[in-house]
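This report describes the fold of one protein chain, from its sheet to its core and selected helices.

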Amino acid sequence: MKRAAGMGLSAPVVATLLAACSGPERPNEVAALAPETETPIAATPEPSPASVERAIVSADPPETAASATAASSPTSTVAAAMPTAEPSPTTEPTAEIASERSDSLAAGFIYDERYLQHDPGAWVLPGTAQTFPFSEPVLHASNYRLCQRTKQLIDVTGLSERLVHIAPRSAALEDLTVFHDASYVERVRQICRNGGGEAGAGAPVSPESYDAALLAAGGGMAGVDAVASGAARRVFVNARPPGHHALRDKGMGFCVFNNVAVAARYAQRVYGYQRVMIVDWDVHHGNGTQDAFYDDPSVLFVSLHQDQLFPPGLGEVDQSGSGGGTGYTVNLPLPPGSGDATYLAAFDRIILPIANEFQPELVLISAGQDASAMDVLGRMAVTTEGYRMMTQRMIDLAETHASGRLVALQEGGYSEIYAPYCTLAIVETMAGTRTSIAEPLTQERMLTQPQTTGIGSDGDAALAAIRAQQAQFWTSMTG
Ligand SMILES: [Zn+2]
């Protein structure tokens with residue numbers, strides 16, 4: 001792809017932007033934005049960094065020395081423990097350690113500044129290499145800012161102090177070829193080495209994208225390591241480029257390597273989990289992930305998405321898997337404007353009952369926040385509260401069946417203003433806390449969004465049709 005001059009973000013430019021965008025010193029921000037919680041953070045004016053750390057640590061029940069140290073330092077990194085033997089989900093040698101953690105110290109967060117280096121260039125007219133005409137070019141929708149602003153919000157709210165920070169690693173070729181063709185991986189490497197181009201339809205890459213994409217896939221793997229070893233009970237992977245559209249032999253729709261598919265296969269191969277569940281709440285259908293597991297009953301793939309959005313013709317309610325995997329693909333195409341109420345009803349009426357039958361040993365989320373109320377590419381009107389409540393349902397599900405093991409991987413999300421707050425809400429929920437930072441949508445404005453509190457008749461009909469389709473596979477969907 002030919003990019004508009006000046007729109008590609010070189011490393012120095014990104015570094016400059018990072019410097020310009022970084023917030024003031026954290027202690028003052030913590031004082032200003034501290035949550036109205038039971039902790040003494042907000043009650044202590046102008047705390048010193050040391051007192052902030054003491055307050056946060058002392059507010060929680062006794063911890064192991066290692067986890068308390070990790071949680072008290074936003075810059076500390078805990079390398080996820082690698083398996084040392086043939087692990088089995090039935091042994092779970094570290095599960096008890098994880099269960100002893102307080103909820104506020106159970107969440108891990110994966111991020112690396114190298115994720116920002118993937119540069120899809122300028123936003124172009126669909127199906128062309130032309131930037132939008134008549135005006136100054138704009139950054140591609142899948143630019144670095146969602147990832148960066150999410151990290152900034154997590155730092156500036158003080159939430160970072162409550163997270164276990166885990167380093168991603170680069171996926172190796174054998175990690176990727178559980179789904180991707182080796183020839184495709186090599187092709188991406190060559191395209192990037194030669195200055196960038198297209199890894200597939202709508203999947204622009206820059207020279208730095210190959211390494212970032214390896215690190216994104218490895219981020220999901222590191223998340224799996226963390227929850228399997230007990231380094232964290234649940235993990236959010238703030239990575240890019242995203243992955244759920246990526247196919248076996250080509251990229252697609254901003255995605256290069258299918259991070260969640262790689263993570264699921266890694267979990268099965270290394271930790272022996274028999275049943276892995278993937279819930280994809282990105283507003284677009286997770287077609288690449290569907291392809292990866294379409295004939296496989298060991299991975300239950302569930303996709304909530306805006307009906308007939310992208311990709312065309314995929315994610316229909318009657319696409320339910322094939323062969324031995326029939327019934328293990330569950331598509332929930334929802335009408336535009338569905339909002340919090342329909343999404344939550346989809347969980348309560350369909351996803352959770354099916355999950356209770358499936359009994360996953362590991363739960364993964366393809367967490368695209370492009371179903372948000374302010375998204376550029378979606379029209380679903382989900383608010384931060386909606387994401388909060390969906391996340392809590394996923395936590396409860398993982399606690400019931402999977403000893404808490406839950407890994408969420410960032411997918412799409414194109415409102416620079418709002419999507420980072422949605423991700424913040426997800427990570428807050430995973431950490432069992434809530435900051436008091438002011439959001440772009442106040443509670444009052446949230447209630448004005450479509451179907452925030454009530455399900456529309458079109459949403460009701462869609463959910464009924466999905467239940468009827470799934471009744472042939474799942475007894476909880478009958479009646
Ligand atoms: Zn999306």
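The text below covers the sheet, its central strand pairs, the packing helices, the core and one buried loop residue.

**The sheet**

The model is predicted. Eight strands form an open sheet in the order S2-S1-S6-S12-S11-S8-S9-S10, and their pairing is parallel. Its edges are strand S2 (164–166) and strand S10 (329–334), each of which pairs on one side only. On average, neighbouring strands of the sheet are turned by 15° against each other, direction ignored.

Bridges for three of the strand pairs are listed here.

| Strand pair | Sense | Bridges | Opposed residues |
|---|---|---|---|
| S1 and S2 | parallel | three | Gly-108 and Val-164 |
| S8 and S9 | parallel | five | Val-279 and Val-302 |
| S8 and S11 | parallel | five | Asp-280 and Ser-366 |

**Strand S8**

Is strand S8 enclosed or open to the outside? Five of its five residues are buried, so S8 is largely enclosed by the rest of the structure. In a regular strand, side chains point alternately to the two faces of the sheet. In S8, Val-276, Ile-278 and Asp-280 lie on one side, Met-277 and Val-279 lie on the other, and both faces are covered. S8 also belongs to a right-handed β-α-β unit, in which helix H11 (residues 287–293) and S9 are the other parts.

**Helices on the sheet**

Helix H9 (residues 209–229) packs on the sheet and touches S1, S2, strand S6 (234–237) and strand S12 (406–410). The direction of H9 makes about 170° with that of S6. Helix H12 (residues 339–358) lies across strand S8 (276–280), strand S9 (299–306) and S10. The angle between H12 and S10 is about 175°.

Helix H13 (residues 384–401) has 18 residues, which at 1.5 Å a residue should span 26 Å; its end C-alpha atoms are 26 Å apart, so the two values agree. Which residues of H13 are buried? They are Thr-384, Gly-386, Tyr-387, Met-390, Thr-391, Met-394, Ile-395, Leu-397 and Ala-398. The elements that cover these buried residues include S6, S8, H12, strand S11 (362–367), S12 and helix H14 (419–431). Just after H13, Ser-403 has a positive phi of about 50°.

**The nonpolar core**

In soluble globular proteins, nonpolar side chains tend to be buried together. The largest nonpolar core of this model has 129 residues, and Ala-263 and Leu-364 have the most contacts inside it. Helix H9 gives the most to this core, with 13 residues. Setting aside neighbours within four places in sequence, Leu-364 is in contact with Val-260, Ala-263, Ala-264, Val-276, Ile-278, Val-407 and Leu-409. Of these partners, Val-276 and Ile-278 are also among the buried residues of S8.

**A buried loop residue**

Ala-381 sits in the loop between S11 and H13. Is Ala-381 buried or exposed? Ala-381 counts as buried because 25 C-beta neighbours lie inside 10 Å, and the cut-off for burial is 20 or more. When residues up to four places away in sequence are not counted, Ala-381 touches Gly-337, Gly-339, Ala-373, Gln-449, Pro-450 and Gln-451. The C-alpha atoms of Ala-381 and Thr-448 are separated by 9.9 Å, with the two residues 67 residues apart along the chain.

Notes. Residues are numbered from 1 along each chain as its sequence is written. This is a predicted model: local features need pLDDT of at least 70, side-chain atom pairs count only at pLDDT 80 or more; totals for chains, interfaces and linings use all residues. Two strands pair if DSSP finds at least two bridges between them. Helices (H or I, at least four residues) and strands (E, at least two) are DSSP runs, numbered from the N terminus. Axes are lines fitted to C-alpha atoms, for helices over the stretch in contact, and angles run from 0 to 180 degrees between N-to-C directions. Two residues are in contact if their C-beta atoms, placed from the backbone, lie within 7 Å. A nonpolar core is a set of buried Ala, Val, Leu, Ile, Met, Phe, Trp, Tyr and Cys residues joined through C-beta atoms within 7 Å. A residue is buried if 20 or more other C-beta atoms lie within 10 Å of its own, exposed if 12 or fewer, and partly exposed in between; C-beta atoms are placed from the backbone. The expected span of a helix is 1.5 Å times one less than its number of residues. A crossover is right-handed if, with the strands pointing away from the viewer, the path from the first strand over the helix to the second runs clockwise.
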